[in-house]
Protein chains: 2
Amino acid sequence: MSGRISILLEPLDALVNQDKILQSLIAENLVSDPDSARGRLLREAARLFRDKGYERTTVRDLAAAVGIQSGSLFHHFRTKEEILKAVMVETIRLNTAVMQAAMSAADSNREKLRALVSAELESINGQTGEAMAVLVFEWRSLSEASQAEVLKLRDIYEALWLDVLNALKDEGALVADPFVVRRMLTGALSWTVTWYRPERGGLTQDGLTDQVVAMLGLSQS
Amino acid sequence: MSGRISILLEPLDALVNQDKILQSLIAENLVSDPDSARGRLLREAARLFRDKGYERTTVRDLAAAVGIQSGSLFHHFRTKEEILKAVMVETIRLNTAVMQAAMSAADSNREKLRALVSAELESINGQTGEAMAVLVFEWRSLSEASQAEVLKLRDIYEALWLDVLNALKDEGALVADPFVVRRMLTGALSWTVTWYRPERGGLTQDGLTDQVVAMLGLSQS
DNA sequence: CCTACCGATCGGTAGG
DNA sequence: CCTACCGATCGGTAGG
């Protein structure tokens, strides 16, 4: 599982697999088609929110990013906050699906944890528009009503993590409390968006995943 | 070191010690006296920035928190951003001093790491006005000129962490890369501000420190 | 999806 | 430290 060939193939497999999942979610109307007007707006919004923050991103920035006038935005969304909510809802839906697929492909709990870490790092730092970092850092910009709505989806997502961490605890592989570990990982992984620059060389995303797993005291199996 | 008495005394010792450090920093004009107009404003600003974010905090919020009119703020600070910079500078100065003291009191590298984790958790979640969380989460709200200025102080602070982590790596106690571990810890520890509520019971700050150390695979000594 | 514009609020200023 | 106010910019609207 750690030979030279799998290192080359894994990212490719993951990409193909992720595209299949995306297509089926679009078909079920759970996420927007990236080629639609709505989809393109959400992708640009996610990028802007991630890079400069929700509060510092104006409706004029959002409109300019997709080449329309600011007033035209409100044909698609009633408020700016609704755009933030949509970004979060679609991000979490896609990621939950991607992670469930990655989990079912893994045999051991250690591999499952590695898959979760890897997928979340990809979602936070990836160029594909799924900005998990927005979900984490802009949470308090969401109205309470929207928070409650997104929280239901988040609970499902978090349950994936807790199941694996609890299993590792039962195995004796994990010493610390699974709940605390998950919260620490949420902070640690999202924080990578501020410093991790894979395009500058150095640590690959796979190498970073290894480091996270090593930090937890779990060998790579 | 882990008897019933030390559990009771440690927090008190830490408080007394921290106050001594604060007094000497005030004497050197490195941080503002908490009882001065400037000091009270910075303390309220830190709390507001931490709780609702810099962008969402208006100059009118800041003025109201100390009972003056918004225009009067600009007698003390030329711009709102200057207030943010002052909060960050004074926070990092105080914390560097507190940490250096904690380090010199510790014998082993494991104890030093524990002291660093404990001090940072206190600075992030404490009620004493030293809001490390602001330094982390509002970094991008700082102008580039101010960032460069604060960065010099941060480098000293980060060096404290890297020295201890590198020593633990050399001892064989740490498996992962010290640099990566420190960045992960930055995210993990600051993220506690969003979920950790010691006043609600449950995990104590000491217990949380234990969990973090346990998560890193380092026993409590 | 555009043009034209709104009321509110923002950070900051002038003069005392 | 206050009163009174500013220009700019914000999210959002009306009518086409």
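A polar contact is a pair of N or O atoms within 3.5 Å; within protein, one must be able to donate a hydrogen and the other to accept it, and residues adjacent in sequence count only if both atoms are side-chain atoms. Keep that in mind for the DNA.

The model is predicted, so local features need pLDDT of at least 70 and side-chain atom pairs count only at pLDDT 80 or more, while totals for chains, interfaces and linings use all residues. Residues are numbered from 1 along each chain as its sequence is written, chains are lettered from A and ligands numbered from 1 in the order in which they are written, and side-chain values use heavy atoms, with hydrogens and water left out.

I start with DNA strand D. A residue is near a strand if one of its heavy atoms lies within 4 Å of it. Around strand D there are 13 residues, and A:Val59, A:Lys80, B:Gln69, B:Ser72 and B:His76 are the closest. A backbone N or O atom of A:Lys80 sits 2.6 Å from a phosphate oxygen of strand D. For B:Gln69, a polar backbone atom is 2.7 Å from a phosphate oxygen of that strand. B:His76 uses an N or O atom in its side chain, also 2.7 Å from a phosphate oxygen of strand D.

Now DNA strand C. Here 13 residues surround the strand, and A:Gln69, A:Ser72, A:His76, B:Thr58 and B:Lys80 come nearest. The side chain of A:His76 has an N or O atom 2.7 Å from a phosphate oxygen of strand C. Which atom of strand C is 3.0 Å from the side chain of B:Arg60? It is a base nitrogen, and the partner in B:Arg60 is an N or O atom.

Next, the two protein chains. Contact means heavy atoms within 4.5 Å, and 32 residues from chain A and 32 residues from chain B take part. Buried area is the accessible area (1.4 Å probe) that two parts lose on being put together, summed over both. Chains A and B bury about 2,800 Å² between them, 69% of it on carbon and sulfur atoms. On the chain A side, A:Arg140, A:Met184 and A:Met215 lose the most area to chain B, together 26% of what that side buries.

Last, one helix pair. Helices are DSSP runs (H or I, at least four residues), numbered from the N terminus. H10 of chain A (residues 205–215) and H9 of chain B (residues 178–191) pack at about 75°, with axes 10 Å apart. Axes are lines fitted to C-alpha atoms over the stretch in contact, and angles run from 0 to 180 degrees between N-to-C directions. H10(A) is therefore roughly perpendicular to H9(B), a term covering 65 to 115 degrees.

Terms used. Helices (H or I, at least four residues) and strands (E, at least two) are DSSP runs, numbered from the N terminus. Angles under 35 degrees count as roughly parallel, over 145 as roughly antiparallel, 65 to 115 as roughly perpendicular and the rest as oblique.
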